[in-house]
Amino acid sequence: MVAVRYQTAFRLYPYEKSADQEADRPVRHPVVIVGGGPVGMALALDLGKRGIACLVLDDHDGVGMGSRAICFAKRTLEICDRLGCGDPMVDKGVVWNTGRVYRDVREVYSFDLLPEGGHRRPAFINLQQPYFEQFLVAEIRRLQAAGAPIEIRGQNSVTGVGQQADHVVLDVDTPDGSYRVEADYLVACDGANSPIRTMMGLGFEGRVFEDNFLIADIRMMADFPVERRFWFDPPFNRGETALLHKQPDDVWRLDFQLGWNIDRKVELATERICDRVSAMIGAGVDFELVWTSIYTFRCCTMETYRHGRVLFAGDSAHQVSPFGARGANGGIQDADNLGWKLAAVLKGEAPDALLDSYHTERKQAALENIKNSARSADFLTPRNPAHALFRDAVLDLVEHFDFARPMVNSGRLSVPCIYDGSPLNGSDALGGGPARSRPGAPCSDAPVRDGFLLDRLTGRFAVLAINAAVPESLSIEGKPLDVIPLSAEDDATGALAHRYLGEAPCAVYLIRPDQHIVGRWPAFDPARIEAAFFQSIGKV
Amino acid sequence: MTDLVLAPNLDNTDDFYAALLAAHDGLDDGESHALNARLVLILANHIGDYGVLTQALDAAVKARGGPGQGPG
């Protein structure tokens with residue numbers, strides 16, 4: 001029996017009996033991914049594109065109900081572009097730039113995100129999580145049809161995990177009974193309550209925030225502008241906060257802070273929610289409830305994200321408060337970081353120790369995400385009278401003085417981590433090079449002739465040269481690297497030069513498969529490129 | 001790094017002190033606390049130097065309860 005834990009929005013991978021279930025001895029797979037959410041599916045897609053056979057086990061047969069993670073940041077969209085499914089997401093998603101902050105009935109300020117120009121993708125889009133997952137699975141299906149070695153098994157629930165010296169053994173329950181399967185590497189993408197983590201007896205430490213939030217997704221045709229509205233102490237939710245955000249399909253996300261001591265059953269009653277919604281959007285406005293949920297949150301992380309041949313990615317490894325959209329976005333970056341490393345190790349191109357750097361880099365990112373989202377939560381949910389005192393002081397001041405605007409923290413923009421100090425980083429030998437493109441940083445996009453720079457970074461190691469001579473082709477140990485020879489004049493806006501040259505007249509960059517920068521130099525030197533390459537695959 | 005000024009630096013100490021008290025006249029505890037919080041934030045923004053502000057925080061914490069009672 002496989003328990004049904006939630007309703008599905010789209011049934012994408014109905015249960016089918018696998019030959020593995022009839023095998024005389026457990027079948028070995030290079031990679032088994034447990035959990036078919038956004039992180040697991042993104043990782044499967046990345047591995048499949050790299051020709052690494054992977055098996056996704058999910059205990060349901062499709063995508064869960066509910067909009068959940070609705071804000072997908074630029075870095076996530078760039079990763080999805082590389083994976084081949086960025087376009088449908090951006091086509092479907094809602095782009096917004098204006099935010100308004102209210103206190104009581106007064107608008108205290110508004111802001112324009114004014115995203116930096118010269119990027120293919122917007123700062124972020126609003127998109128219901130089921131669509132995001134559906135687009136990932138659609139791309140997996142397309143790749144499978146072309147022969148990519150990805151397999152998804154629905155209603156396959158892992159009930160036991162055991163680690164051997166050179167593989168992992170999994171017990172899997174299905175509607176046809178249980179079977180056993182083996183993996184060279186197991187990646188647990190099974191969410192904040194990770195059953196794999198629990199089965200392995202591993203801890204998940206952090207802070208619980210004493211607050212409840214009600215989500216009401218409503219469909220309405222009202223002619224509200226496409227902007228984010230945030231209220232402190234509004235008349236319709238006195239003493240608490242509220243949020244209004246637009247999603248595709250005429251759906252709006254309403255988020256009401258409820259406080260700690262509530263009766264969930266009472267608050268989830270349809271009539272009660274409808275009263276709240278009407279008080280917020282106006283009594284005469286017609287709407288239909290699409291999805292409701294009450295959530296609490298905590299900021300937690302595992303001590304280490306790698307345990308032998310088991311790796312943890314996404315919410316199973318770390319959980320953040322929802323303010324600032326760093327949950328799903330952080331998880332997609334986990335997959336982005338892990339995909340090329342697992343592929344390189346399984347192909348024998350890199351030592352197993354490369355996988356240790358997955359923990360090092362993504363723990364650094366998780367701590368940054370926890371820090372930022374916890375600060376937003378502290379502002380919204382003051383923990384003691386002194387915290388409330390300063391929060392209210394900020395809100396008093398912002399009604400009079402612009403200086404207090406940056407102090408209002410209703411969620412900061414999700415930005416990717418720069419892996420400063422990573423053991424994979426090579427040398428930073430470009431005098432006058434811009435800080436944003438230092439070793440460890442994700443490449444900034446920039447216009448290049450008729451397209452964009454990131455579209456040229458296809459998932460292999462790449463050498464990017466600007467105003468510098470490079471060979472037409474390049475390989476290390478028989479493996480080809482992408483060579484991208486550009487001139488600063490390839491971008492008339494100057495963004496390319498600003499983002500990659502700074503004060504330098506010319507530059508050569510070595511870039512990892514996940515578009516993070518390994519090292520940079522004023523000119524092409526094959527010996528230094530090679531040394532940095534070996535550094536970045538853990539071969540030192 | 002700029003050092004926090006901890007030597008006398010106000011050009012009109014008695015006037016400032018009197019103005020500070022006057023601003024609190026007639027306020028209850030909550031209003032007084034709120035006024036101080038707003039004042040801290042306004043002054044912090046004016047100073048604008050995170051290094052100076054953390055030195056000021058340390059100095060304020062250290063002076064708690066007079067000599068011999070603070071954390072050192």
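This passage describes the strands, sheets, helix contacts and chain contact of a predicted model.

The eight-stranded sheet of chain A is described first. Its strands follow the order E8-E7-E15-E16-E17-E14-E18-E21, the sheet is open, and the pairing is mixed. Strand E8 (106-112) and strand E21 (318-319) of chain A lie at the edges, each pairing on one side only. Helix H9 (residues 356-380) of chain A packs on this sheet, where it touches E14, strand E16 (241-247), strand E17 (251-259), E18 and E21 of chain A. The direction of H9(A) makes about 120° with that of E18(A).

Within the sheet, strand E14 (residues 205-219) and strand E18 (residues 288-301) of chain A are joined by 12 bridges in the antiparallel sense. One of the bridged pairs consists of Arg219(A) and its partner in E18(A), Glu288(A). Strand E15 (residues 227-232) of chain A is largely enclosed by the rest of the structure, because five of its six residues are buried. The pairing of E15(A) with strand E7 (residues 98-103) of chain A is parallel and comprises six bridges; here Tyr102(A) stands opposite Trp231(A) of E15(A). E15(A) and E16(A), by contrast, run antiparallel and are joined by four bridges, with Leu243(A) in E16(A) serving as the bridge partner of Phe230(A).

A further open sheet in chain A contains three strands in the order E5-E9-E6, and its pairing is antiparallel. Strand E5 (71-73) and strand E6 (94-95) of chain A form the edges, and each of them pairs on one side only. Helix H2 (residues 74-83) of chain A packs on the sheet through contacts with E5 and E9 of chain A, and its direction makes about 70° with that of E5(A). Two bridges connect E6(A) to strand E9 (residues 124-126) of chain A in the antiparallel sense. Across this pairing, Val95(A) stands opposite Ile125(A) in E9(A).

Strands E11, E12 and E13 of chain A are considered next. Strand E11 (residues 157-163) of chain A pairs with E12(A) in the antiparallel sense over six bridges, and the two form a hairpin with four residues between them. Val161(A) has Leu170(A) of E12(A) as its bridge partner. E12(A) also pairs in the antiparallel sense, over seven bridges, with strand E13 (residues 177-188) of chain A. In this hairpin, two residues lie between E12(A) and E13(A), and the bridge partner of Val172(A) in E13(A) is Tyr179(A). The side chains alternate along strand E12 (residues 168-174) of chain A. Val168(A), Leu170(A), Val172(A) and Thr174(A) point to one face and are buried, whereas Val169(A), Asp171(A) and Asp173(A) point to the other and are not. Two of the buried residues of E12(A), Leu170(A) and Val172(A), thus recur in the pairings with Val161(A) and Tyr179(A).

Helix packing was examined both within chain A and between the chains. Two packed helices are described by the angle between their axes and the distance between the axes. In chain A, the axes of helix H1 (residues 38-49) and helix H4 (residues 129-145) come within 10 Å and cross at roughly 20°. Since angles under 35 degrees count as roughly parallel, H1(A) and H4(A) are therefore roughly parallel to each other. H1(A) passes H4(A) in a left-handed crossing. The contact brings Pro38(A), Met41(A), Ala42(A), Ala44(A), Leu45(A), Gly48(A) and Lys49(A) of H1(A) together with Gln129(A), Phe132(A), Glu133(A), Leu136(A), Val137(A), Glu139(A), Ile140(A) and Leu143(A) of H4(A). By class, these residues comprise 10 nonpolar, two polar and three charged.

Between the chains, six residues of chain B are in contact with 10 residues of chain A. On the chain B side, three of the residues are nonpolar, two are polar and one is charged. Helix H10 (residues 385-398) of chain A and helix H2 (residues 29-47) of chain B have axes that come within 9 Å and cross at roughly 65°. H10(A) and H2(B) are therefore roughly perpendicular to each other, and the crossing is right-handed. From H10(A), the contact involves Leu389(A), Phe390(A), Asp392(A), Ala393(A), Val394(A), Asp396(A) and Leu397(A); from H2(B), it involves His33(B), Ala34(B), Ala37(B), Arg38(B) and Leu41(B). The contact of H10(A) with H2(B) contains eight nonpolar, one polar and three charged residues.

Note on methods:
Residues are numbered from 1 along each chain as its sequence is written. Chains are lettered from A and ligands numbered from 1 in the order in which they are written. This is a predicted model: local features need pLDDT of at least 70, side-chain atom pairs count only at pLDDT 80 or more; totals for chains, interfaces and linings use all residues. Two residues are in contact if their C-beta atoms, placed from the backbone, lie within 7 Å. Ala, Val, Leu, Ile, Met, Phe, Trp, Tyr, Cys and Pro count as nonpolar, Asp, Glu, Lys and Arg as charged, and the others, Gly among them, as polar. Two strands pair if DSSP finds at least two bridges between them. Axes are lines fitted to C-alpha atoms, for helices over the stretch in contact, and angles run from 0 to 180 degrees between N-to-C directions. Angles under 35 degrees count as roughly parallel, over 145 as roughly antiparallel, 65 to 115 as roughly perpendicular and the rest as oblique. A crossing is left-handed if the near helix is turned anticlockwise from the far one by less than a right angle, and right-handed if clockwise. A residue is buried if 20 or more other C-beta atoms lie within 10 Å of its own, exposed if 12 or fewer, and partly exposed in between; C-beta atoms are placed from the backbone.
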